[in-house]
Amino acid sequence: MSTQSQCQRFRIGYALAPKKGQSLIQPSLLTKASERGIDLIPIDPIKPLVEQGPFDCIVHKLYGPDWTRQLQQFSSQNPNVPIIDSPDSIERLHNRISMLEVVTQLKLHFDNEKFGVPNQVVVSEMKSLTSIEDLKLTFPVIAKPLVADGSVKSHQMYLIFDSQGLESMTAPFVLQEFVNHGGFIFKVYVAGMNVKCVKRKSLPDISEEKLKSLKGFLPFSRISNLIDNDKKVHDDGKKNSQGDEVDLESVEMPSQSFLCELARGMREALGLNLFNFDVMRDARDSNRYLIIDVNYFPGYAKMPGYESIMTDFFLQVLHKSAVGVTE
Ligand SMILES: Nc1ncnc2c1ncn2[C@@H]1O[C@H](COP(=O)(O)OP(=O)(O)OP(=O)(O)O)[C@@H](O)[C@H]1O
Ligand SMILES: O=P(O)(O)O[C@H]1[C@H](O)[C@H](O)[C@H](OP(=O)(O)O)[C@@H](OP(=O)(O)O)[C@@H]1O
Ligand SMILES: [Mg+2]
Ligand SMILES: [Mg+2]
């Protein structure tokens, strides 16, 4: 039987920062893609994009006006080559208010599940800050950087327990209510129509009793971006890299139909193919799910079976593009 490699082959160019490229483009992905007729080709961001190629598709996670111009020039000369994803659509995820506004505007209804986002407000300048009650929030709250641009500081957060802790912050930031959610979150990876949910360690619940003894603020960062020795995040309840017992095994997944429908709605509303979103199950209502974060082009390699999922996505894009050309 002829394999895909004896038929037409496709060239997908990828433009990623070095660390991102090393984590995503692993030999196992190159092999899986090649077996299914796809060659993954690194794009040199220093050289003019239009002088590289030819490509049947481009995937990227680079930013800035020069790169956007490069993509525009390439698209004007290659209008039928999909660019995954458009810089304008990606930009919406670089702000922690606009990234979640999309969720609040989704017109989706489910028999059992309810979904939404935690109450949150933007604090643009400290002098406008009055009291937590005026902000219609209650302690504890989380202060998150307003800008989510992939920088280290965009992941630096603070759990705040009282007004003294709040006054220690530096504006601008988003203040989001802290919701008890059992100490786990669900990370829902989306690659086009492909949706994969994984469980990750999260901030522990804070009881009313415990809250009485907590003062000021507590800094934290990337608490759910856990990896262990073999760079995989085990969902089977093994110890994580901090050595804490994280019993993820006993956590029941949300229904796949709910997640797929939510992912479809977000994909269409965001106009994006490659993203993940973090979902908490409200500890007070197991049918209530809160989306707290949306990330562009996340760490797919941490997802079990990512080679097949990414290759399926690439083939779906290439097929759609080929059909589009003949239509
Ligand atoms: N409103 C909330 N209530 C309770 N815990 C929260 C809340 N928001 C965030 N967290 C906890 O803090 C972690 C980091 O929050 P968030 O995902 O917004 O930050 P991030 O830096 O964008 O993370 P990522 O690495 O996923 O991009 C979450 O995974 C969760 O454990
Ligand atoms: O654009 P950035 O670097 O912020 O994207 C992050 C993203 O916010 C998440 O932290 C990803 O982790 P997961 O959600 O666990 O996949 C990061 O993936 P990583 O494996 O590259 O660390 C993205 O870089
Ligand atoms: Mg997150
Ligand atoms: Mg994030």
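# Two ligand sites and an open sheet

Q: Which atom of ligand 1 lies 2.7 Å from a polar side-chain atom of Lys187?
A: A polar contact is a pair of N or O atoms within 3.5 Å; within protein, one must be able to donate a hydrogen and the other to accept it, and residues adjacent in sequence count only if both atoms are side-chain atoms. Here, the polar side-chain atom of Lys187 lies 2.7 Å from an oxygen atom of ligand 1.

Q: What should I know about the model before reading on?
A: This is a predicted model, in which local features need pLDDT of at least 70 and side-chain atom pairs count only at pLDDT 80 or more, while totals for chains, interfaces and linings use all residues; side-chain values use heavy atoms, with hydrogens and water left out. Residues are numbered from 1 along each chain as its sequence is written, and chains are lettered from A and ligands numbered from 1 in the order in which they are written.

Q: Which atoms of ligand 1 do the side chains of Gln176 and Asp278 approach?
A: Gln176 places a polar side-chain atom 2.8 Å from a nitrogen atom of ligand 1. For Asp278, an N or O atom of the side chain is 2.9 Å from an oxygen atom of the ligand. The protein covers 98% of the 610 Å² of accessible area that ligand 1 has on its own (Shrake-Rupley method, 1.4 Å probe; for residues, only the protein chains shown count as cover).

Q: How many residues surround ligand 1, and which come nearest?
A: A residue is near a molecule or strand if one of its heavy atoms lies within 4 Å of it. There are 23 residues around ligand 1, with Lys144, His155, Lys187, Ser202 and Ser224 coming nearest. By class, this shell has 11 nonpolar, 6 polar and 6 charged residues (Ala, Val, Leu, Ile, Met, Phe, Trp, Tyr, Cys and Pro count as nonpolar, Asp, Glu, Lys and Arg as charged, and the others, Gly among them, as polar).

Q: Which strand gives the largest share of the shell around ligand 1?
A: Helices (H or I, at least four residues) and strands (E, at least two) are DSSP runs, numbered from the N terminus. Strand β14 gives the largest share, 3 residues. At least two shell residues come from each of β7 (141–145), β9, β10 (184–191), β13 (274–281) and β14 (288–296).

Q: Which residues come nearest to ligand 2?
A: They are His155, Lys187, Tyr189, Arg200 and Asn225, out of 14 residues around ligand 2. The class counts are 2 nonpolar, 6 polar and 6 charged. Polar side-chain atoms lie 2.8 Å from an oxygen atom of ligand 2 for Arg200, 2.9 Å for Asn276 and 3.1 Å for Asn295. The protein covers 85% of the 500 Å² of accessible area that ligand 2 has on its own.

Q: What is the strand order in the open sheet of 4 strands?
A: Two strands pair if DSSP finds at least two bridges between them. The order is β2-β1-β3-β4, with parallel pairing. The edge strands, β2 (38–42) and β4 (83–84), each pair on one side only. Between β3 (residues 57–61) and β4 there are 2 bridges, and Val59 stands opposite Ile84 in β4.

Q: Which strands does helix α3 touch?
A: Contact means heavy atoms within 4.5 Å. Helix α3 (residues 65–77) packs on the sheet and touches β1 (10–16), β3 and β4; its direction makes about 170 degrees with that of β3. Axes are lines fitted to C-alpha atoms, for helices over the stretch in contact, and angles run from 0 to 180 degrees between N-to-C directions.

Q: Where is the residue that follows Ile84 across a cis peptide bond?
A: The bond from Ile84 to Asp85 is cis, with omega near 0 degrees, and Asp85 is in the loop between β4 and α4 (87–91).
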